[in-house]
Amino acid sequence: MPLLADVPRAAAADARLVTARGARIVVAVALIALLGAFAAPTARSGKAATRVTLTSLESGVLSELNQIRAQHGLQPLKISARLTAASAQHSREMGTAGYFEHNSNDGTAFWKRIGRWYGSTGYGYWSVGENLLWSSPDVDAHQALELWMNSPEHRANILTPRWREIGISALHFAGAPGTYKGLEVTIITTDFGVRH
């Protein structure tokens, strides 16, 4: 809706029109900035700016894992963009550098690596865990959860009541070096977390 009628006016009226338009622009910019401030993630919020898109294998792992947790009376885990970024970076690094360990290739402890993506700053409580798996040439979600549930340490991570969020990465490599001996492999990293 125009602020002034579409009738020719004196110079003073034109000045008001420009001023009114300018004010509308300033108000619009201020509103956009204000909305952006509320919508933008902060270190404290733990919310990433983007949504997570999972592959069918990753979605299957999340679904199977949450079914197992439900069978044990535990809360389902919500996907976290930050934990998913941490898990994707680690799966990618392991597949390209040819190693299979929780610590990073440079020796950084797993919890410090995850902390780069899923920080503890501003929280009174912070905890993370991780499950890894590789299979040649591939693995499905049911097989992955079956393998983890048959391992006491991995089972304990899946059934830890305190976890609230998870990041999942399942990457396929046509020929991975090192530990994988050039085989076609699928590497899955799940990073568990809670902070409050």
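**Close-up 1. V194, a buried residue of strand β4.** In this predicted model, V194 has a relative accessible area of 4%, so it counts as buried, the cut-off being under 20%. V194 belongs to strand β4. Leaving out residues up to four places away in sequence, V194 touches Y118, Y125, W126, S127, R162, W163 and R164. One of these, S127, is the residue that stands opposite V194. Y125 is 69 residues from V194 along the chain, yet their C-alpha atoms are separated by 7.8 Å.

**Close-up 2. Strand β4 and its two covered faces.** Strand β4 is made up of residues 185-195. Of its 11 residues, 11 are buried, so the strand is largely enclosed by the rest of the structure. On one side the buried residues are V185, I187, T189, D191, G193 and R195. On the other side they are T186, I188, T190, F192 and V194. Both faces of β4 are therefore covered, and the strand is largely enclosed.

**Close-up 3. The open sheet of 4 strands.** In what order do the strands of the open sheet lie? The order is β1-β3-β4-β2, and the pairing is mixed. Strands β1 (78-79) and β2 (126-135) are at the edges; each has a single partner strand, so one side of each has no neighbour in the sheet. The pair β1 and β3 (residues 165-173) is parallel, with 2 bridges. In this pair, I79 has I166 as its bridge partner in β3. Strands β3 and β4 run antiparallel and are joined by 9 bridges. Here G167 has D191 of β4 as its bridge partner. Strands β2 and β4 are also antiparallel, joined by 10 bridges.

**Close-up 4. Two helices against the sheet.** Helix α2 (residues 56-71) packs on the sheet and touches β1, β3 and β4. The direction of α2 makes about 140 degrees with that of β3. Helix α4 (residues 110-117) lies across β2 and β4. The angle between α4 and β2 is about 110 degrees.

**Close-up 5. Y123, in the loop between α4 and β2.** Is Y123, a loop residue, buried or exposed? Y123 is in the loop that joins α4 and β2. Its relative accessible area is 15%, which means that Y123 is buried, since the cut-off is under 20%. Y123 and H196 are 73 residues apart in sequence, but 5.3 Å apart in space from C-alpha to C-alpha.

**Close-up 6. Helix α3 from its cap to the residue after it.** Helix α3 (residues 81-97) has 17 residues. From its first C-alpha to its last it reaches 24 Å, close to the expected 24 Å. S80 caps the N-terminal end of α3, with a side-chain oxygen 3.3 Å from the backbone nitrogen of R82. Just after the helix, G98 has a positive phi of about 80 degrees. The buried residues of α3 include L83, A86, A88, H90 and M94. The elements that cover the buried residues of α3 include β1, α4, β2, β3 and β4.

**Close-up 7. The nonpolar cores.** Nonpolar side chains tend to be buried together in soluble globular proteins. Which residues have the most contacts inside the largest nonpolar core? They are V61, I158 and I188, in a core of 23 residues. At least two residues of this core come from each of α2, α5 (141-149), β3 and β4. Outside its neighbours within four places in sequence, V61 is in contact with A141, L145, W148, I168, I188 and T190. Another core, of 8 residues, lies apart from the largest one; among its members are Y99, A176, V185 and I187.

**Close-up 8. Two loop residues with backbone features to note.** P137 is in the loop between β2 and α5. The peptide bond from S136 to P137 is cis, with omega near 0 degrees. K181 is in the loop between β3 and β4. K181 is not a glycine, but has a positive phi of about 55 degrees. With a relative accessible area of 71%, K181 is exposed, because the cut-off for exposed is over 50%.

Technical notes:
Residues are numbered from 1 along each chain as its sequence is written. This is a predicted model: local features need pLDDT of at least 70, side-chain atom pairs count only at pLDDT 80 or more; totals for chains, interfaces and linings use all residues. Side-chain values use heavy atoms; hydrogens and water are left out. Two strands pair if DSSP finds at least two bridges between them. Contact means heavy atoms within 4.5 Å. Axes are lines fitted to C-alpha atoms, for helices over the stretch in contact, and angles run from 0 to 180 degrees between N-to-C directions. Buried means under 20% relative accessible area, exposed over 50%, partly exposed in between (1.4 Å probe, protein chains only). The expected span of a helix is 1.5 Å times one less than its number of residues. A polar contact is a pair of N or O atoms within 3.5 Å; within protein, one must be able to donate a hydrogen and the other to accept it, and residues adjacent in sequence count only if both atoms are side-chain atoms. A nonpolar core is a set of buried Ala, Val, Leu, Ile, Met, Phe, Trp, Tyr and Cys residues joined through side-chain atoms within 4.5 Å.
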